[in-house]
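Please examine the sequence and the three-dimensional structure shown below. The report that follows discusses strand pairing, the nonpolar interior and the cysteines.

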Amino acid sequence: MHRVEKIKESTATRILVLKNEVTGTRDECFDDSALVSDQNFDFMQVNQSYPCKIKLFGKQVSAKEARVVTCRVLNENSRIGNTDFVEVSVGEDVYYVLKSQVMNRSEKSSFIFKVSRKDLIQVNQTIHKDLY
């Protein structure tokens, strides 16, 4: 579960500051769900908790540098909506990376990924419409 600590509204999108209630990690998550559908994440409120799935947006890299995290693979075949993801852990936190962005892994159980932002992709049973 993630607790909404803050919502930063802009013209058409917003940033939600979410705190993982188990690990204590704070994530700033981009939300553009209202741009693509009436079934979106606008129901989220500050100081309320929700089960959330967060996508790491960025690219797989071959060397450590700024904003690079080590992703340990939890599930190579995770599907959200009609989109294939790799479910990963970064430390104790669970995230999702587009399967098409994870290449040349062979039998490795981890990879490194440069994160440019984190996107909110599912809250409760509501899935971001871009994933259909």
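How many residues lie between β7 and β8 in the hairpin that they form, and which residue in the turn has a positive phi? In this predicted model, two residues separate β7 from β8, and the turn residue with a positive phi, of about 65°, is G91. The two strands of this hairpin run antiparallel and are joined by six bridges. One of the paired positions is S89, whose bridge partner in β8 is V94.

**Strand pairing**

A further hairpin is formed by β1 and β2, with four residues between them. Strand β1, residues 2-9, runs antiparallel to β2, and seven bridges join the two. Within this pairing, R3 has K19 of β2 as its bridge partner. Strand β1 also pairs in the antiparallel sense with β4, residues 49-50, over two bridges. Here H2 stands opposite Y50 of β4. The table lists the pairings described so far.

| Strand pair | Sense | Bridges | A facing pair of residues |
|---|---|---|---|
| β7 and β8 | antiparallel | six | S89 and V94 |
| β1 and β2 | antiparallel | seven | R3 and K19 |
| β1 and β4 | antiparallel | two | H2 and Y50 |

As a general point, side chains in a regular strand alternate between the two faces of the sheet.

**The nonpolar interior**

The largest nonpolar core contains 23 residues, of which L18, M44, L56, V88, F111 and L120 touch the most other members. Elements that give two or more residues to this core are β2 (14-20), β5 (52-61), β6 (68-80), β7 (83-90), β8 (93-98) and β9 (110-123). The largest share, five residues, comes from β9. A second, separate core has six residues, among them I80, Y96, I121 and I127.

The surroundings of L18 may be followed in detail. Beyond its neighbours within four places in sequence, L18 is in contact with several residues, including H2, R3 and V4, as well as M44, I54 and L120. The contacts of L18 also include C29 and C52.

**The cysteines**

Why do C29 and C52 not form a bond? The sulfur of C29 is 7.3 Å from that of C52, the closest cysteine sulfur, and is therefore too far away for a bond. Likewise, C52 is in no disulfide. A search of the whole structure finds zero disulfides. Both cysteines are nevertheless enclosed: C29 is buried, with a relative accessible area of 0%, and C52 is buried, with a relative accessible area of 14%.

Technical notes. Residues are numbered from 1 along each chain as its sequence is written. This is a predicted model: local features need pLDDT of at least 70, side-chain atom pairs count only at pLDDT 80 or more; totals for chains, interfaces and linings use all residues. Side-chain values use heavy atoms; hydrogens and water are left out. A nonpolar core is a set of buried Ala, Val, Leu, Ile, Met, Phe, Trp, Tyr and Cys residues joined through side-chain atoms within 4.5 Å. Buried means under 20% relative accessible area, exposed over 50%, partly exposed in between (1.4 Å probe, protein chains only). Contact means heavy atoms within 4.5 Å. Two strands pair if DSSP finds at least two bridges between them. A disulfide is a pair of cysteine sulfur atoms within 2.5 Å.
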